[in-house]
Amino acid sequence: MARTPIVYETTHRIAFSELDPFQHVSTGNYARYFTDHRMEGLARYAGWDLPTLGTLGFMTWVRRMEIDFIRPATADQEVSITSFVREFRGPDAMIECTMTDAAGTTVSTCLMIVAHVDARTRRATDWPDDLQALFFEPGD
């Protein structure tokens, strides 16, 4: 039975300091946008703000990000980012992220792979079922 993922959503306004010489968002900022989006979402939707993260007994580690640049984002543009956990594979959470402009046109996509790491051993371990459940609608 397929589970319904909880979708995180945040918005961001592009600042001058985030632009390259061609007035487009510089490449490295996309990774920051997607990472900050997930952290804001974890605080808002799962209650995992920065102080709480240090008490959970595990850490998360962004193992890989695959970013597709589809359309340029420019100065003072507002973009929305949505993301959800598509699936878990052992220690890895496969997270799909989409950045859209105000018209709903996709600007960029990202596949973020986040590992669950035991805080004591500092080794990747499978995501426990109770933590996986936090990323899907109840009752699924």
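User: With which side chain does the side chain of His37 make a polar contact?
Analyst: In this predicted model, His37 is found in helix α1, which spans residues 27-46. Leaving out residues up to four places away in sequence, His37 touches Tyr8, Glu9, Thr10, Ile81, Thr82 and Ser83. Its side chain makes a polar contact, at 2.6 Å, with the side chain of Ser83.

User: Does His37 count as buried or exposed?
Analyst: The relative accessibility of His37 is 1%. Buried means a relative accessible area under 20%. Because its 1% falls under that cut-off, His37 counts as buried.

User: Which residues does Tyr33 touch, not counting residues up to four places away in sequence?
Analyst: Tyr33 also has its place in helix α1. At 4% relative accessibility, Tyr33 counts as buried. Tyr33 and Thr10 are 23 residues apart in sequence, and their C-alpha atoms are 9.8 Å apart in space. Not counting residues up to four places away in sequence, Tyr33 touches His12, Ile14, Glu18, Val25, Ile81 and Met99.

User: How many Å apart in space are Ile81 and Met99, C-alpha to C-alpha?
Analyst: Ile81 is placed in strand β3, and at 3% relative accessibility it counts as buried. Apart from neighbours within four places in sequence, Ile81 is in contact with Tyr8, Glu9, Thr10, Tyr33, Phe34, His37, Thr98 and Met99. Ile81 and Met99 are 18 residues apart in sequence, while the distance between their C-alpha atoms is 4.4 Å.

User: Is Ala93 buried or exposed?
Analyst: Ala93 lies in strand β4. Outside the residues up to four places away in sequence, Ala93 touches Val85, Glu87, Phe88, Met112, Ile113, Val114 and Trp127. Since a relative accessible area under 20% means buried, the 3% of Ala93 makes this residue buried.

User: How far apart in space are Ala93 and Arg122, C-alpha to C-alpha?
Analyst: Arg122 is not among the residues listed as touching Ala93, which include Met112 and Trp127. Ala93 and Arg122 are 29 residues apart in sequence, and their C-alpha separation in space is 17 Å.

User: Which element gives the largest share of the lining of the largest pocket?
Analyst: About 190 Å³ of space lies in the largest pocket. Of the 15 residues that line this pocket, the closest to its centre are Arg38, Met39, Leu42, Thr60 and Val114. The elements that give two or more residues to the lining are α1, β2 (58-69), β4 (92-100) and β5 (106-118). The largest share, 4 residues, comes from α1.

User: How many residues of the lining of the largest pocket are nonpolar?
Analyst: The lining of the largest pocket divides into three classes of residue. Of its residues, 1 is charged and 2 are polar, and the number that are nonpolar is 12.

User: What is the relative accessible area of Leu134?
Analyst: Leu134 has its place in the segment after α3 (129-133). Not counting residues up to four places away in sequence, Leu134 touches Ile6 and Trp48. The C-alpha atoms of Leu134 and Ala46 are separated by 6.8 Å, although these residues are 88 residues apart along the chain. Leu134 is partly exposed, with a relative accessible area of 39%.

User: What is the approximate phi of Gln23?
Analyst: Gln23 has its place in the loop between β1 (8-13) and α1. At 41% relative accessibility, Gln23 counts as partly exposed. Although Gln23 is not a glycine, its phi is positive, at about 70 degrees.

User: Where is the place of Asp76?
Analyst: Asp76 is a residue other than glycine with a positive phi, near 65 degrees. Its place is in the loop between β2 and β3 (78-89).

User: Which element of the chain has the highest mean pLDDT?
Analyst: Where pLDDT is low, the predicted coordinates should not be read in detail. The chain averages a pLDDT of 94, and 99% of the residues score at least 70. Among the elements of the chain, helix α2 (residues 50-53) has the lowest mean pLDDT, 92. The highest mean, 98, belongs to β4.

How values were computed. Residues are numbered from 1 along each chain as its sequence is written. This is a predicted model: local features need pLDDT of at least 70, side-chain atom pairs count only at pLDDT 80 or more; totals for chains, interfaces and linings use all residues. Side-chain values use heavy atoms; hydrogens and water are left out. Buried means under 20% relative accessible area, exposed over 50%, partly exposed in between (1.4 Å probe, protein chains only). A polar contact is a pair of N or O atoms within 3.5 Å; within protein, one must be able to donate a hydrogen and the other to accept it, and residues adjacent in sequence count only if both atoms are side-chain atoms. Contact means heavy atoms within 4.5 Å. On a 1 Å grid over the protein atoms alone, a cavity is a set of points where a 1.4 Å probe fits but cannot get out, and a pocket is an open set with protein on both sides within 12 Å along at least five of seven lines; lining residues have an atom within 4 Å of a point. Grid points are joined across faces, edges and corners, and a volume is the space filled by probe spheres set on the points. Ala, Val, Leu, Ile, Met, Phe, Trp, Tyr, Cys and Pro count as nonpolar, Asp, Glu, Lys and Arg as charged, and the others, Gly among them, as polar. pLDDT is the predictor's confidence in each residue, from 0 to 100.
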